[in-house]
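Hi,

Here is the structure I said I would pass on. Have a look at it first, and my notes on what turned up follow just below.

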Amino acid sequence: MTGHDELPAAARTRRLEERLIAAGLSSDDEIDEFLTKLYANASPVNGARMAARAWTDPAFRGLLLAEGNAAAAELGFSVPPPDRHGYQLRVVANTDQVHNVIVCTLCSCYPVSLLGPSPGWYKSFAYRSRTVREPRAVLAEFGVALPEGVQISVWDSTSEARYMVLPARPAGTGALGEDRLAGLVTRNGLIGTALV
């Protein structure tokens, strides 16, 4: 489709909605109901709570890294599984040796219920294309300067699999409880474009 990339995201989204409606797969009311439910509780606080729990509960950390959907459900967050028009949540952990960053090179797939609405830059062509080619330079533009020895892993989200970064727990936070730890975690930290 010529000119598709030049259209604003809202116009492209509406075209897709119109195709779904024309094909009899959905209606405006069903789409509105879905979006209302999705955004009612969608917040980066949800992902932050998951990270804080993983930092304080080794069993939950194991579950989070092995079965993200089950870990989200354990904390009461809605992430529909792939067999119910949802996605597989995959959580990748930052360590001293590896820093993770997520992107969606084709569009802007993103775990909205856990990270809140995606930022404009996440949807931009520049972020989507450059992050896979030059992740260290992109991270530096976000103020994340990593030592040369740290490997950067880029995870490409799809409609079937969405990623969330489990940031490394900050040093000196051993005495903090889960609520205070969650307050340290930002949406960008859960994407990988910030350190916590």
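Let's start with Trp121: its relative accessibility is 23%, so this residue counts as partly exposed, the buried class being kept for values under 20%. Keep in mind that this is a predicted model, so every value here is computed from it.

Next door in the sequence, Tyr122 has a relative accessible area of 0%, so that one is buried. How do the rings of Trp121 and Tyr122 sit relative to each other? Their centres are 6.3 Å apart and the planes meet at 70°, which makes the pair edge-to-face, because planes over 60 degrees apart fall in that class. A search of the whole structure turns up seven aromatic pairs.

Another of these ring pairs is Tyr127 with Phe142. Here the centres are 6.3 Å apart and the planes stand at 85°, so this is an edge-to-face pair as well. Tyr127 belongs to helix α8 (residues 125-133), while Phe142 is in the loop between α9 (135-141) and β3 (151-156), so the pair ties together parts that lie 15 residues apart in sequence. As for cover, Tyr127 counts as buried at 5% relative accessibility, whereas Phe142, at 30%, counts as partly exposed.

Put those together with Tyr110 and you get a cluster: ring pairs link Tyr110, Trp121, Tyr122, Tyr127 and Phe142.

Helix α8 deserves a look of its own. Which of its residues are buried? They are Tyr127, Arg128, Ser129, Arg130 and Thr131. And what covers them? The cover includes β2 (98-103), α7 (120-123), α9, β3 and α11 (187-191).

Elsewhere, there is a charge over a ring: Arg53 lies over the face of Phe60, at 5.8 Å from the ring centre.

Finally, some overall numbers to keep beside the picture:

- The protein has eleven helices and four strands.
- It is 196 residues in total, and 40% of them count as buried.
- Taking contacts between residues at least 6 apart in sequence, 65% join residues at least 24 apart.
- About 10,700 Å² of the protein is exposed, with carbon and sulfur atoms supplying 54% of that area.

If you want a place to begin on screen, try α8, find Tyr127 there, and then follow the ring pairs through the cluster that also holds Trp121 and Tyr122.

Cheers

Terms used. Residues numbered from 1 in each chain as written. Predicted model: local features only at pLDDT ≥ 70, side-chain atom pairs only at ≥ 80, totals over all residues. Heavy atoms only, no water. Helix = DSSP H or I, 4+ residues; strand = E, 2+ residues; numbered from the N terminus. Buried < 20%, exposed > 50% of the residue type's maximum accessible area, 1.4 Å probe, protein only. Contact = heavy atoms within 4.5 Å. Areas by Shrake-Rupley, 256 points an atom, 1.4 Å probe, with all protein chains shown as cover. Phe/Tyr/Trp six-rings, centres within 6.5 Å; stacked < 30°, edge-to-face > 60°. Lys NZ or Arg CZ within 6 Å of the ring centre and 35° of its normal.
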